[in-house]
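Here are a few exercises to work through with the model open beside you. Try each task yourself before reading its solution.

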Amino acid sequence: VAAVTKPGFDDFVAARSGTLLRMAYLLTQDSQLAEDLVQTALAKAWFAWGRVVGDPGPYVRRIMVNAYVSGWRRRWNGEQPTDQLPELGYSDPPDTTDLRAALRRLAKGQRAVIVLRYFEDLTEAETAQVLGCSVGAVKSQTSRALAKLRVDPALEATR
Amino acid sequence: MNLTELSQSLDSQADIVDDIGVPARLGSVHHRVRVARRRRAAAGVAVTAAAVVAASTALALSDGGRPRGDAPITEPSPTVISGDSHGFASSVGSMELLGGAVGRPGQVELTFETDVPTDRVRVAVWCFGGQSRRATTETLVADVENSSAEEADGCSAQRPEVFTPHDAANGMWTGGSGLPPYVTLNTGAGGGALSVTSHLRRAPQSARLAIAVYGVPQPEATVAGLDVYPLWFDGDRTRELVAFGDNPSGSGSVQVEIPASARPVEGYYLFSLEGPSPGGRLELLVDGELAETALDARRDSDFPSQPALQGTGSGGQLQIELTIGSPHVVELRATGADPDQLTLGLVFYADLGEGLG
């Protein structure tokens, strides 16, 4: 087994942050949130960079997914309804893809297992490791998520 | 859409993300790091002095653990852990102590290494001996395949009578803010070598670190996304799992049969509901009779075992009294909600009394 040489932090960001961003986008379904999630994970990883053993990719990915699942933007929970709509800034394109609309309707954890299993191509065990849960939990969440996707009206036409 | 098409669609969808580019991202990340460092430095000048003075010794308490670090060990290491006699609870709920270490006062880095036989471990880190809300522990856990890190705030004044970590049954990921004075990490270690290093910052010189590693068995079941174990210690009492169940996919209710128990049985409900559900309610039936008609279906933090994989759900303790010595049937059902968007679970425990059981 060849030894893995850990890249410098900036080199890692240059080489891998684009991949992380793609994954973050599938998780958050929003470009700005995806960028925020990636930067949150990278900034957190920076402080532990000297102590990370081997390839930092899985480590950063684990930080990012757990941050997403645990709700890294806690302020959202405290949002209050308002009568006045905020000014519209940048917005993502509308749900032009059926899958995007269906993914939006999945719970965070279910979306995470779908992305980890079928975008990152992780095994159930690897997914469980990233999420810090059991393989059984991954199986059940995957099963439920796929069941939801199968009956989602947005994917009706694809069946 | 089959799984291959799903993978291809995910890949295509990821392509539409708006990428600000590496230079801008790198600049933003370094800005965040600078802000975080300034915050830490502003409150942690004394830590440097503490590090020089006290980066000295570690007292390891393990039969399989290997204390390590820059500091020489000046105290003999006991060769056998005997659980409570050294301050670590030998078992917590369904978890068993694998080993641990306690640092000296002022020692700002403590490393504990051990081999773990279980697929899952719970790593607990405490700071004690110097009360400080500003103190932080940053802990890195490295196992055979991966690493994870976590931070926690706060340091308690007194050494606990018994170091007792959060039970694995008490949530799947309980690290992070809001849990001073210690952090508990749940690694996905698949057995093998495990190394835990904790760094202490902004703490008084009298502060000490303690690390313990507990083996976590396979859960008895996964209910509504929550792993449940034969025993659960909530920090006060120990409970034994007696019955559980979750709703079949597409069903709006779950029914659980509870066998007769000689001890008081208490129940908890779990739910997760995606999408709008105006007027949606949760109802509870005990032995066919409507017991509660307005279970709190809002997200809250009171339930001790929030299903970590659910983004919008929560749960709570059922305010019902089940007659001791009699079997019961409890049903939780949702009205006004799309069953396909719904996850329901019921878990029942017998109360074994105060303490670690």
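The exercises below deal with a predicted model, and they go from whole chains to single residues and then to cavities.

**Exercise 1. The make-up of the two chains**

Task: Describe the secondary structure of chain A and of chain B.

Solution: Start with chain A, which has seven helices and zero strands. Read from the N terminus on, its elements run α-α-α-α-α-α-α. Now turn to chain B, where you should find three helices and 22 strands.

**Exercise 2. Burial, contacts and surface**

Task: For each chain, find the share of buried residues, the share of long-separation contacts and the accessible surface.

Solution: Take burial to begin with. Chain A has 159 residues, of which 55% count as buried; chain B has 357 residues, with 53% buried.

Next come the contacts with a separation of 6 or more. In chain A, 65% of these join residues 24 or more positions apart, while in chain B the figure is 76%.

Finish with the surface. Chain A exposes about 7,300 Å², and 52% of that comes from carbon and sulfur atoms. For chain B the accessible surface is about 15,000 Å², with 49% belonging to carbon and sulfur atoms.

**Exercise 3. Two helices of chain A**

Task: Find the buried residues of helix 6 and of helix 7 of chain A, and compare the span of helix 7 with the expected value.

Solution: Helix 6 covers residues 124-131, and its buried residues are Thr127(A), Ala128(A), Gln129(A), Val130(A) and Leu131(A). Just after helix 6 comes Gly132(A), which has a positive phi near 70 degrees.

Helix 7 covers residues 135-151, 17 residues in total. From its first C-alpha to its last, helix 7 reaches 25 Å, close to the 24 Å expected at 1.5 Å a residue. Its buried residues include the nonpolar-named Ala137(A), Val138(A) and Leu146(A), and also Gln141(A), Arg144(A) and Lys148(A).

**Exercise 4. One residue in chain B**

Task: Is Ala221(B) buried or exposed, and which residues does it touch?

Solution: Locate Ala221(B) in strand 12 of chain B, residues 221-223. Ala221(B) counts as buried because its relative accessibility is 15%, and the cut-off for buried is under 20%.

Then list the contacts, leaving out residues up to four places away in sequence: Ala221(B) touches Leu226(B), Asp227(B), Val228(B) and Phe244(B). Phe244(B) is 23 residues from Ala221(B) in sequence, with 8.4 Å between their C-alpha atoms.

**Exercise 5. The cavities**

Task: How many cavities of 30 Å³ or more does the whole structure hold, and what lines them?

Solution: The search finds two such cavities. The largest has a volume of about 40 Å³, and the second largest is also given as about 40 Å³.

Look at the largest cavity. Its lining includes Ile258(B), Pro259(B), Arg263(B), Leu322(B), Gly325(B) and His328(B). Sorted by class, the lining has five nonpolar, five polar and one charged residues.

Now go to the second largest cavity. It is lined by Lys44(A) and Tyr59(A) from chain A, together with Glu138(B), Ala149(B), Glu150(B) and Glu151(B) from chain B. Strand 8 of chain B, residues 147-155, gives the most to this lining, with three residues. By class, there are two nonpolar, no polar and four charged residues.

Terms used
Residues numbered from 1 in each chain as written. Chains lettered and ligands numbered in written order. Predicted model: local features only at pLDDT ≥ 70, side-chain atom pairs only at ≥ 80, totals over all residues. Heavy atoms only, no water. 1 Å grid on protein atoms, 1.4 Å probe; cavity = no way out; pocket = protein on both sides within 12 Å on 5 of 7 lines; lining within 4 Å. Points joined across faces, edges and corners; volume = space filled by probe spheres on them. Helix = DSSP H or I, 4+ residues; strand = E, 2+ residues; numbered from the N terminus. Buried < 20%, exposed > 50% of the residue type's maximum accessible area, 1.4 Å probe, protein only. Contact = heavy atoms within 4.5 Å. Areas by Shrake-Rupley, 256 points an atom, 1.4 Å probe, with all protein chains shown as cover. Expected span 1.5 Å × (residues − 1).
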